[in-house]
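Open the model in your viewer and keep the selection panel at hand. We will go from the whole chain down to single residues.

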Amino acid sequence: KPRRDLCSEPLTCSEPHHSSRREAHTQGRRSQLLRKLRNLPSRSSTRSITIMEVRPDSYSLVDDALRASRSAGASHRLVVVALVDLWAPPALALARALEALRAGGDVTYAQILIVDAGADKAAAWELGVVATPALFFYFDGERLRVRRPEREDDDKFVGAATQEQLLEVIRHARHVCAESAAGAPVLALDL
């Protein structure tokens, strides 16, 4: 059965007065929707969203941070390195979350570095990164092993995470590193 519009004739009708009625109906519906949208409260009045600007670090800063973390009396023994592609939405979201942690001062016990994998392809290649975002955790200059359920142990965490999850993971890394007496600690994650 053919669909019917404002008039009783089928939509496939080629009569000129029928197509003009259809266009008038479409215009009227579009105007009605625009009026409804104008009356909605704006997003800024319901909540405030701050989008962090990401300032990527050069890979040479990573080398400097790892060298400094090995020295006695280092202020940051835990170093978190994120390799991200700033054009990919999940990686950009993770980079913004890490930038917010860096700027907020929530993680004073670790140094967080964000490296643009697209701009520094040599660093990504050297670390074996084939997908981003990829997080590396270093303690006293040594890379931590990451253990996740139903996956093989790896030297990195690959995947997106929220700011709260990242904060929890970094705190857990600090705790694991403080508890380990000797050898490379293993960071067991539930993400």
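Colour by burial: 35% of the 191 residues in the protein chain count as buried. This is a predicted model. Switch to the surface. About 12100 Å² is exposed, and carbon and sulfur atoms supply 51% of that area.

Now show the cartoon. The protein chain has six helices and seven strands. Along the sequence they run α-α-α-β-α-β-α-β-β-β-β-α-β. Among contacts with a separation of 6 or more, 67% join residues 24 or more positions apart.

**Strand S1**

Select 78–84, strand S1. How many of its seven residues are buried? Seven of the seven are. Show the side chains. Leu78, Val80, Ala82 and Val84 point one way from S1, while Val79, Val81 and Leu83 point the other way.

**Neighbours of S1**

Add S2, residues 110–116. S1 and S2 pair in the parallel sense over seven bridges. Pick Val81: its bridge partner in S2 is Leu113. Next add helix H4, residues 89–104; S1, H4 and S2 make a right-handed β-α-β unit.

Then add S3, residues 134–139. S1 and S3 pair in the antiparallel sense, over six bridges. Ala82 stands opposite Leu135 in S3.

**Helix H3**

Select residues 59–70, helix H3. Its 12 residues reach 17 Å from first C-alpha to last, close to the 16 Å expected. Tyr59, Val62, Ala65, Leu66 and Ser69 are buried in H3. Look down the axis: the buried residues of H3 fall within an arc of 105°, so they line one face of the helix. What covers them includes S1, S2, S3 and helix H5, residues 121–127.

Terms used. Residues are numbered from 1 along each chain as its sequence is written. This is a predicted model: local features need pLDDT of at least 70, side-chain atom pairs count only at pLDDT 80 or more; totals for chains, interfaces and linings use all residues. Side-chain values use heavy atoms; hydrogens and water are left out. Helices (H or I, at least four residues) and strands (E, at least two) are DSSP runs, numbered from the N terminus. The expected span of a helix is 1.5 Å times one less than its number of residues. Buried means under 20% relative accessible area, exposed over 50%, partly exposed in between (1.4 Å probe, protein chains only). The arc is that of the directions from the helix axis to the C-beta atoms. Contact means heavy atoms within 4.5 Å. Accessible areas come from the Shrake-Rupley method with a 1.4 Å probe; for residues, only the protein chains shown count as cover. Two strands pair if DSSP finds at least two bridges between them. A crossover is right-handed if, with the strands pointing away from the viewer, the path from the first strand over the helix to the second runs clockwise.
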